[in-house]
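Here are my notes after going through this model, written so you can follow along with the viewer open. I've kept them to numbered points.

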Amino acid sequence: MESIQIAVRLKTPDPQAVTALNTIKAMRLQLPPIKLQRHELWDFELHSGGREVVSELVGHFTDIVNPNKQFWFFTEKEVLLPGENPELQWVGVVVRDHTDSVSKNWTDLLKRRGFPVDSLRFSVLWRFGYLKDTDEALAKKMALDLSVSDTREDGLFSNPVSQEVAFWI
């Protein structure tokens, strides 16, 4: 079994990321992120075909990637994503629903259509760009604090009752 992950992003500025960054700025944090990006993550578990199958899927299903408004790319560990400034320290946080009908429905559809997919997992990746000299552990803590809603005043990107949050590596 082979695991392949792609990230999908809008070609134009993402309204959710812009709104979230403006909200963070309004919170007047001591060390807010300088940049914020949002990507849809698609994790494919395939029993054959590899990247070629994923490329075929992406080209065939415009609900995964709409070529008129989105672009996509294969993700690689410890490589900056397109549009990320190398002068910043980037922290990635993945948010997934506990019960995820999107992933289940896509997995079932692709299997019925004869694609060699064992499973498909959908999630959202938030990439926080902090000043380069920010301590890595501190940057991760700040990103996690912003990501998980524990109270009405904390966290913006997930609800721990229905979602799980993890660092993206």
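Are Phe-128 and Tyr-130 buried or exposed? Both of them are buried. Keep in mind throughout that this is a predicted model.

1. Let's begin with the aromatics. There are seven aromatic pairs in the count. One to pull up is Trp-42 with Trp-106, an edge-to-face pair with 6.0 Å from centre to centre and 90° between the planes. Trp-42 belongs to strand S2 (residues 35-46) and Trp-106 to helix H3 (residues 101-112), so this pair ties together parts that lie 64 residues apart in sequence.

2. Both tryptophans deserve a look at their accessibility. Trp-42 has a relative accessibility of 3%, so it counts as buried. Trp-106 is buried too, because its relative accessible area of 11% falls under the 20% cut-off. Turning to Phe-128 and Tyr-130, their ring centres are 6.4 Å apart with the planes at 15°, so this pair is stacked.

3. The Trp-42 and Trp-106 rings also belong to a wider group. Together with Phe-61, Phe-115 and Phe-122, they make up one aromatic cluster.

4. Two rings have a charged side chain over the face. Arg-51 sits over the face of Phe-74, 4.2 Å from the ring centre. Lys-140 does likewise with Phe-167, at 5.3 Å from the ring centre.

5. Next, helix H1 (residues 15-26). Its 12 residues, at 1.5 Å a residue, should span 16 Å, and the end C-alpha atoms are indeed 16 Å apart, so the two values agree. At the N-terminal end, Asp-14 acts as a cap, with a side-chain oxygen 2.8 Å from the backbone nitrogen of Gln-16.

6. Which residues of H1 are buried? They include Ala-17, Ala-20, Leu-21 and Ile-24. These residues cover an arc of only 100° around the axis, so they are on the same side of H1. The general reason for such a pattern is that an α-helix has 3.6 residues a turn, so residues three or four places apart point the same way. On the other side of H1, Pro-15 and Ala-26 are exposed. The cover over the buried residues of H1 includes S2, strand S5 (117-131) and helix H4 (136-147).

7. Just after H1, have a look at the backbone of Arg-28. Arg-28 takes a positive phi of about 55° although it is not a glycine. That stands out because most residues other than glycine have a negative phi. Arg-28 is placed in the loop between H1 and S2. With a relative accessible area of 76%, Arg-28 is exposed.

8. Another arginine, Arg-127, is found in strand S5. How does its accessibility come out? At 6% relative accessibility, Arg-127 counts as buried. What joins the side chains of Arg-127 and Glu-84? A polar contact of 2.7 Å does.

9. Leaving aside neighbours within four places in sequence, the residues in contact with Arg-127 include Lys-35, Leu-36, Gln-37 and His-39. Also among them are Leu-80, Leu-81, Trp-90, Val-91, Gly-92 and Trp-168, as well as Glu-84. As for Gln-163, it is 36 residues from Arg-127 in sequence and 18 Å away in space, C-alpha to C-alpha.

Notes:
Residues are numbered from 1 along each chain as its sequence is written. This is a predicted model: local features need pLDDT of at least 70, side-chain atom pairs count only at pLDDT 80 or more; totals for chains, interfaces and linings use all residues. Side-chain values use heavy atoms; hydrogens and water are left out. Rings of Phe, Tyr and Trp (its six-membered ring) pair if their centres lie within 6.5 Å; planes under 30 degrees apart count as stacked, over 60 as edge-to-face and the rest as tilted. Helices (H or I, at least four residues) and strands (E, at least two) are DSSP runs, numbered from the N terminus. Buried means under 20% relative accessible area, exposed over 50%, partly exposed in between (1.4 Å probe, protein chains only). A charge sits over a ring if NZ of Lys or CZ of Arg is within 6 Å of the ring centre and within 35 degrees of the ring normal. The expected span of a helix is 1.5 Å times one less than its number of residues. The arc is that of the directions from the helix axis to the C-beta atoms. Contact means heavy atoms within 4.5 Å. A polar contact is a pair of N or O atoms within 3.5 Å; within protein, one must be able to donate a hydrogen and the other to accept it, and residues adjacent in sequence count only if both atoms are side-chain atoms.
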